[in-house]
Amino acid sequence: MRRFARTLVTAALAVAVVGGTAGWASGDSQSAVTGPPPGSAAWRADTVYGRALPDPATATPQEVARFFAGLDDAARAALVRSHPLVVGNLDGAPLPLRYEANRLAVAATGDARFASLAAPGRRILAFDPRGRGQVAEVFGDLEHAAHVSVIVPGSDNDATSYDARRAPHTGPAGMARALRTATGASAGGASAAGGAAAGASAAGGAAADGSVAVIAWTGYTTPVGVGLDAADGRLAAAGATRLARFTAGLDAVGAPDPVLFCHSYGSVVCGLAARHTDATDVVAFGSPGMRADTADALHTRARVWAARGPSDWIADVPNVRFAGIGHGADPTSAAFGARRVPAADVRGHAGYFTPGSQSLAAFAAIAKGEAR
């Protein structure tokens with residue numbers, strides 16, 4: 001009875017803190033964008049050389065890949081021109097087609113909030129203008145990469161804010177650039193940087209290395225602010241479904257099994273998706289919990305890592321689950337059983353990719369498959 005009373009008190013504290021009554025910003029309730037991309041009805045009604053097109057709602061990424069493999073260049077180009085929003089978001093479609101389709105789809109919106117996404121040279125792997133918008137961008141050569149990492153961000157990320165001015169090395173794109181540079185690859189003209197991680201082998205030298213591609217994946221509807229959406233798992237569950245399909249799409253086009261880097265609420269998404277992906281590693285940092293009591297309870301063959309800096313406010317969020325509120329055990333606790341990533345020099349909630357930090361060096365080693 002005493003234990004139950006303590007649970008009720010802790011749960012009440014979780015609601016108070018995460019709900020914003022402890023002085024944090026409360027969030028607006030969001031409706032998750034799910035299902036096939038816009039334009040799917042017109043796509044399903046179309047044919048190519050008399051063949052039906054794969055249904056975006058039911059076809060697997062492997063089936064999509066086989067369909068495109070059977071088309072000539074003219075047919076592929078025609079589908080990109082006629083159905084850019086579908087091709088651009090169709091997991092399993094050839095990567096160059098998706099890049100071109102999304103360039104056309106962004107331009108077709110006429111929306112100034114998205115215009116920068118269509119800039120020359122950008123590799124936009126997914127773009128959905130519905131709601132606040134979703135976007136995924138590739139940094140590096142995904143077609144030929146030996147290693148692939150996917151950044152899964154937390155609250156307040158969407159296509160409308162994706163290119164907004166931020167503090168360096170934060171936000172999905174900033175994290176992706178920093179990680180790619182830290183692996184020894186050139187990112188956005190920055191010089192390559194390497195380092196050694198405690199408990200891991202060296203992350204790589206300064207020589208340019210194009211073997212690592214990093215994807216900034218803002219492919220789900222994130223919470224806004226730190227309110228009840230951030231405290232429950234509704235948006236994370238919808239995001240997990242999309243993340244699992246996205247990784248299946250990478251597999252369908254021959255990309256290496258990815259490493260998932262999961263920040264804040266994004267780690268809740270990764271916790272729910274982990275068992276449905278072929279990820280080699282799942283890295284949770286600044287995490288409120290992964291909706292599991294232990295790393296083993298994630299039911300994944302991936303290695304599970306966790307990091308939390310000493311000044312990260314996420315430590316103030318109670319690690320409970322009660323009546324659907326809260327995300328459970330602290331992934332950095334010994335009882336959870338994740339491998340620890342050194343983060344003693346990380347500042348705040350968003351400083352994990354700061355150049356020269358212990359955490360970034362460790363992340364780079366994990367990304368290159370060199371961490372032990």
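**Helix α6 and the mixed sheet**

Just after helix α6, G110 adopts a positive phi of about 65°. The model described here is a predicted one, and helix α6 makes a convenient place to begin exploring it.

Helix α6 covers residues 95-109. At 1.5 Å a residue, its 15 residues should span 21 Å, and the end C-alpha atoms are indeed 21 Å apart, so the expected and modelled spans agree. Buried positions along α6 are L95, L97, R98, Y99, A101, N102, A105 and V106. An α-helix has 3.6 residues a turn, so residues three or four places apart point the same way. The buried residues of α6 pack against three helices, α3 (61-69), α4 (73-82) and α5 (84-88), and also against the strands β3 (123-128) and β4 (134-139).

Those two strands lead on to the sheet. It is an open sheet of 8 strands, arranged in the order β3-β4-β6-β5-β7-β8-β9-β10, with mixed pairing. At its edges lie β3 and β10 (339-340), each of which pairs on one side only. Helix α9 (residues 234-252) packs on this sheet, where it touches β3, β4, β5, β6 (212-218) and β7. The direction of α9 makes about 150° with that of β6.

Within the sheet, strands β5 (residues 147-152) and β7 (residues 258-263) pair in the parallel sense, over 5 bridges. One residue pair can be picked out here: V152 has C262 of β7 as its bridge partner. Helix α11 (residues 358-367) lies across both β5 and β7, as well as β8 (281-285) and β9 (303-307). Relative to β7, helix α11 runs at about 150°.

Terms used:
Residues are numbered from 1 along each chain as its sequence is written. This is a predicted model: local features need pLDDT of at least 70, side-chain atom pairs count only at pLDDT 80 or more; totals for chains, interfaces and linings use all residues. Side-chain values use heavy atoms; hydrogens and water are left out. Helices (H or I, at least four residues) and strands (E, at least two) are DSSP runs, numbered from the N terminus. The expected span of a helix is 1.5 Å times one less than its number of residues. Buried means under 20% relative accessible area, exposed over 50%, partly exposed in between (1.4 Å probe, protein chains only). Contact means heavy atoms within 4.5 Å. Two strands pair if DSSP finds at least two bridges between them. Axes are lines fitted to C-alpha atoms, for helices over the stretch in contact, and angles run from 0 to 180 degrees between N-to-C directions.
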